[in-house]
Amino acid sequence: MSTAKEAAEITSLTPVLELLQAADQVFDEIGYPDASWRSLYHRHVLMLLSQAYLQVFATRVEQPDWVPHTGPLFPWGAANHDTIYQFAPLDANGVYRITGTKGSEIIASLMFRRGGPNTGEVHGAPLGEIDVQALSCGPDGKFSVVLSKERPGECPGEWFAIPPLTTGLVARHVTVEPTDVDGVWSIERLDRRGSPAILDDVAERMRLMSSFVNRLNRLVITWLKKQREESGVNRFVPERFQGHGGIALQLYYQAMFELEADEALILESELPASVLYWSVQLFDPFYNAIDFVPHSSARNFRQAHIDSDGKARFVISLTDPGVANWLDPAGYLRGGVMWRWHTASSFPEPTLKRVKLAQLADHLPADVRRVDTAQRRAERAARIAHYQSRRRC
């Protein structure tokens, strides 16, 4: 006979068990993609659950700490390969201090958000954003800011109001060069000391975590199916993602790609007269960034060669086409492409052209930059060293 403690543990696990049992129902109900992808779908669901666990159990609103958001370890939402994303829960009525040292990021920000695993809801629209690079700091790059509903009576230095409905803070560190350094930030709650017992609300946190994963999974799978049915494949559509955490100064272009093993996709775009940051990346059929550390599945403006006519061109193909701007889909014949323009004077729309791999040279400029096997091997080694050297959370 089960003891009362064992019964309570079973009850707390119920939402997680129900989530896993319902995952295939979502898959079958929505009908995306076909059954051959089921094992990869299971991996996708477990990845969402792993990420949610950290945001629910590894950090608390009473005593917050930075934990991974999306990113290299949890790449849902086509996480940008140049960005380290962190999350900390916030109480909109609390008082917090963020201190740290600025890095050499091209973009460094703190975004107020609502929703997320700690609420059981999907991520909502951004409620405000702080440009960390614009904060006042000493000659050593150190800064300190206070966040609260109203400015505290004794608050020397910079202060920012926490918008109503805020439930979390998302930090972004964006770098483009191997020599760039991420800033190091800490967060502390000032109006409440200590933390309740770790085990006091496990069942409720299990419920919130499972609810978030179920809602996010359904949202992503539904959106992907809609993209394929309404926009087709190999065609870009613009997106701001203002309802789900997109950066206000960033425009995204997305396309669902499709090709055969003997084919290639030529990705081409004009460039704005001025732009702070741009990048292109591939994602898998479940909207997860394809592993960009060992694969050249994503490139930023410093990692891409610009052709003599001023355009950026990339080749997507299963095998290395021998051109500098290869985007490696890591074996996927179906997936997606994400292009980001950040703080740009214009937002050119990229295009995709499907050609036979054997005829690729006929569709590229004669002076397109080419690489040999040794150069590609060196590029891959440098890429691995670059991205493995960054903190993953």
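## Cavities

A cavity is a set of grid points where a 1.4 Å probe fits but cannot get out. In this predicted model, the count comes to two cavities of 30 Å³ or more.

The largest cavity has a volume of about 70 Å³. Its lining consists of H305, D307, R313, F314, V315, V323, A324, N325, L364, V368 and R369. Sorted by class, six of these lining residues are nonpolar, two are polar and three are charged. The second largest cavity holds about 50 Å³ of space. Around the second largest cavity lie P72, H81, I84, F292, V293, Y387, R390 and R392, a lining with five nonpolar, one polar and two charged residues.

## The second largest pocket

The second largest pocket contains about 300 Å³ of space. Fifteen residues line this pocket, and R43, P75, N288, A289 and D291 are the ones nearest its centre. The lining of the second largest pocket divides into nine nonpolar, two polar and four charged residues.

## The four-strand sheet and R313

Four strands form an open sheet in the order β16-β15-β12-β18, and the pairing is mixed. Because β16 (326-327) and β18 (351-356) each have a single partner strand, they stand at the edges, and one side of each is left without a neighbour in the sheet. Two bridges connect β15 with β16, and this pair is parallel. At this pairing, V315 stands opposite W326 in β16. V315 also belongs to the lining of the largest cavity.

R313 is placed in strand β15, which covers residues 312-316. With a relative accessible area of 10%, R313 is buried, since the cut-off for that class is under 20%. Leaving aside residues up to four places away in sequence, R313 touches L267, E268, D307, N325, L364 and P365. Among these contacts, D307, N325 and L364 also line the largest cavity, as R313 does. The C-alpha atoms of R313 and E270 are 9.0 Å apart in space, while the two residues are 43 apart in sequence.

## The five-strand sheet and helix α3

A further open sheet has five strands in the order β10-β11-β17-β13-β14, paired antiparallel. Its edge strands are β10 (237-239) and β14 (298-300), each of which pairs on one side only. From one strand to the next, the twist averages 15°. Within this sheet, β11 (residues 250-258) and β17 (residues 334-344) run antiparallel and are joined by nine bridges. One residue pair across these strands is F257 with its bridge partner G335 in β17.

Helix α3 (residues 202-231) packs on the sheet, where it touches β10, β11, β13 (275-283) and β17. The direction of helix α3 makes about 75° with that of β11. S231 is found in this helix. The relative accessibility of S231 is 16%, so this residue counts as buried. Apart from residues up to four places away in sequence, S231 touches K226 and V237. Of these two contacts, V237 falls in the edge strand β10 (237-239).

## Backbone features in loops

Y32 and P33 are joined by a cis peptide bond with omega of about -20°. P33 lies in the loop that runs between α1 (4-30) and α2 (38-57).

Two residues other than glycine have a positive phi: A78, at about 55°, and L165, near 80°. A78 sits in the loop between β1 (67-68) and β2 (83-89), whereas L165 is in the loop between β7 (158-161) and β8 (168-174). Is each of these loop residues buried or exposed? A78 counts as buried because its relative accessibility is 0%. L165 has a relative accessible area of 53% and is therefore exposed, as that class begins over 50%.

Technical notes. Residues are numbered from 1 along each chain as its sequence is written. This is a predicted model: local features need pLDDT of at least 70, side-chain atom pairs count only at pLDDT 80 or more; totals for chains, interfaces and linings use all residues. Side-chain values use heavy atoms; hydrogens and water are left out. Two strands pair if DSSP finds at least two bridges between them. Axes are lines fitted to C-alpha atoms, for helices over the stretch in contact, and angles run from 0 to 180 degrees between N-to-C directions. Contact means heavy atoms within 4.5 Å. On a 1 Å grid over the protein atoms alone, a cavity is a set of points where a 1.4 Å probe fits but cannot get out, and a pocket is an open set with protein on both sides within 12 Å along at least five of seven lines; lining residues have an atom within 4 Å of a point. Grid points are joined across faces, edges and corners, and a volume is the space filled by probe spheres set on the points. Ala, Val, Leu, Ile, Met, Phe, Trp, Tyr, Cys and Pro count as nonpolar, Asp, Glu, Lys and Arg as charged, and the others, Gly among them, as polar. Buried means under 20% relative accessible area, exposed over 50%, partly exposed in between (1.4 Å probe, protein chains only).
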